[in-house]
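Biologist: Could you take me through one part of this structure up close? I'd like to look at the aromatic side chains that pair up, and please keep it friendly for a first-year student.

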Amino acid sequence: MTHRYLDTPAPIALAHRGGWLKDETGAVDTALGNTAVAFQHAVDLGYRYLETDVHATADGVLLAFHDPTLDRATDRSGRIAALTYAEAARARVAGREPIPLLEDLLGSWPDMRLNIDIKSDEAVVPLIQALRRTEAWDRVCVGSFDQRRLNRARRLFERPVATSCGPLEVARLRAAS
């Protein structure tokens, strides 16, 4: 079976969390990962595939953000799932950049392919809603390091969506090889 997500010649270069920028001295700056600036930088470098993680706020807004809390990477603190979007939207990554919405990433680069790691159970339904609103079903690959979460997303998808292997599937492949 083929899927539009994979309709490119191999190998596929994937900009993890949008890739890394360089600071004014030319040194790699990883602090702005998962920001619109990082994603734009990757697109400007020619990447067609980006990777991000998603968490949902308490009111169901899907953020492109790696950590379950704001504490490490932003100028605010708190567990994303316990904050409203209005509260989380005040946070600035590395004190400078807002946390992007997944829908904004999908809308900003409509030809871009996006690998999405579902980081929390609360993010599954908002992800499906975002894919429905953006009609991005065929340009995403969804994965999770939680097999149960990934299986739940697969059951709830309304259209075919590329997915990566979950941990149990990877273990089965290794055992079978």
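Modeller: Sure, let's start with F39. Its relative accessibility is 0%, and since buried means under 20%, F39 counts as buried. Keep in mind that this is a predicted model.

Now for the company F39 keeps. The structure holds 3 aromatic pairs, and two of them are worth a stop. Let's take Y5 and Y49, which form an edge-to-face pair, with 5.1 Å from centre to centre and 90° between the planes. This pair links distant parts of the chain: Y5 sits in the segment before β1 (14-16), while Y49 belongs to strand β4 (residues 49-56), 44 residues apart. Both Y5 and Y49 are buried.

Back to F39, then. F39 pairs up with W109, and here the arrangement is tilted, at 6.5 Å centre to centre and 45° between the planes. F39 is part of helix α1 (residues 36-44) and W109 is in the loop between α3 (102-108) and β8 (113-118), so this pair ties together parts that are 70 residues apart in sequence. W109 has a relative accessible area of 11%, so W109 is buried too.

For a contrast, have a look at E135. You'll find E135 in the loop between α4 (124-134) and β9 (140-143). With 48% relative accessibility, E135 counts as partly exposed. The E135 side chain makes a polar contact with the side chain of R159, at 2.8 Å.

Note on methods
Residues are numbered from 1 along each chain as its sequence is written. This is a predicted model: local features need pLDDT of at least 70, side-chain atom pairs count only at pLDDT 80 or more; totals for chains, interfaces and linings use all residues. Side-chain values use heavy atoms; hydrogens and water are left out. Helices (H or I, at least four residues) and strands (E, at least two) are DSSP runs, numbered from the N terminus. Buried means under 20% relative accessible area, exposed over 50%, partly exposed in between (1.4 Å probe, protein chains only). A polar contact is a pair of N or O atoms within 3.5 Å; within protein, one must be able to donate a hydrogen and the other to accept it, and residues adjacent in sequence count only if both atoms are side-chain atoms. Rings of Phe, Tyr and Trp (its six-membered ring) pair if their centres lie within 6.5 Å; planes under 30 degrees apart count as stacked, over 60 as edge-to-face and the rest as tilted.
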